[in-house]
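User: Please take one part of this model and examine it closely, setting it in the context of the whole chain. A single connected account would be preferred.

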Amino acid sequence: MSGHLDYEINKELGECYLFMGELDKAEEYYRKAAGSNGVHPDPFLGLATVAVQRGNLPEALVMYEKAHKVAPSDKSLSGIALIRMENGEKENAYSLFVEAIRMNPENMVALFSLIRLGHELERVADIIPYLRSYLEIDPSKHEVRFSLAGCLMCTGQEDAARAELETILEASPEFAAASELLEQLQA
């Protein structure tokens, strides 16, 4: 078998075993994939996921950093940022999530983590442009629009928040959280 074919087979088996929750097997095949072809980040991202599921965050960080060294991506940045956020390095995590969103504005892990950190670091106004950028790509994503409305409320932009909530309810009248927040605004 060629090196590339070995890589593909081992990577696919690693993904299958990870999906099935068989972490030992997933790790075994991801390590084989990483050993047969060190030019792809996917096996390292898989090994990072295995480590996260085992609660081994230091090992997960090492694997995310290896993946990032092979080929920087929004996925590796988000993984590194998640570990840093869990370790209490919030400012560093915030910067990494911003970098990940700039690489891929549709990275939902980075976007929702940035919302969390924006509130914790009192930087809510700073995250509003990222939410608006996402909605330019996918205006029907009500969860993001709802988060935008919440951020607008937090920054005293109640009319803009109301408009976002009304947009949600026009398209999806059953969105209960939007109805509740709109009632709060009108009270």
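Analyst: Helices here are DSSP runs of H or I with at least four residues, strands are runs of E with at least two, and both are numbered from the N terminus. The model is a predicted one. Under that definition the protein contains 11 helices and 0 strands, and its order from the N terminus reads α-α-α-α-α-α-α-α-α-α-α. Its C-alpha atoms fill a box of roughly 65 × 35 × 25 Å along the principal axes. Of the 187 residues, 42% are buried. Among contacts with a separation of 6 or more, 43% join residues 24 or more positions apart. The accessible surface amounts to about 9700 Å², and carbon and sulfur atoms contribute 51% of it. The charged side chains number 17 positive and 31 negative, with the centres of the two sets 7 Å apart.

The part chosen for the close look is helix 2, which comprises residues 23-36. Its 14 residues, at 1.5 Å a residue, should span 20 Å, and the end C-alpha atoms are indeed 20 Å apart, so the expected and computed lengths agree. The buried residues of this helix are Leu 23, Ala 26, Tyr 29, Tyr 30, Ala 33 and Ala 34. Because these residues cover an arc of only 145 degrees around the axis, they lie on the same side of helix 2. The face turned away from that buried side carries Asp 24 and Gly 35, both exposed; exposed here means a relative accessible area over 50%, whereas buried means under 20%. As for what covers the buried residues of helix 2, the cover includes helix 1 (3-20) and helix 3 (42-53).

A single residue elsewhere in the chain supplements this picture. Val 124 belongs to helix 8, which covers residues 124-137. Its relative accessible area is 11%, below the 20% limit, and Val 124 therefore counts as buried. Apart from neighbours within four places in sequence, Val 124 is in contact with Gly 118, His 119, Cys 151, Cys 154 and Thr 155. One of these partners, Cys 151, is 27 residues from Val 124 in sequence, yet their C-alpha atoms are 6.0 Å apart in space.

To return to helix 2, its buried residues share one side, its opposite face carries the exposed Asp 24 and Gly 35, and helix 1 and helix 3 are included in the cover of the buried residues.

Key. Residues numbered from 1 in each chain as written. Predicted model: local features only at pLDDT ≥ 70, side-chain atom pairs only at ≥ 80, totals over all residues. Heavy atoms only, no water. Buried < 20%, exposed > 50% of the residue type's maximum accessible area, 1.4 Å probe, protein only. Contact = heavy atoms within 4.5 Å. Areas by Shrake-Rupley, 256 points an atom, 1.4 Å probe, with all protein chains shown as cover. Lys, Arg positive; Asp, Glu negative; His and termini not counted. Charge placed at Lys NZ, Arg CZ, Asp CG, Glu CD. Expected span 1.5 Å × (residues − 1). Arc of directions from axis to C-beta.
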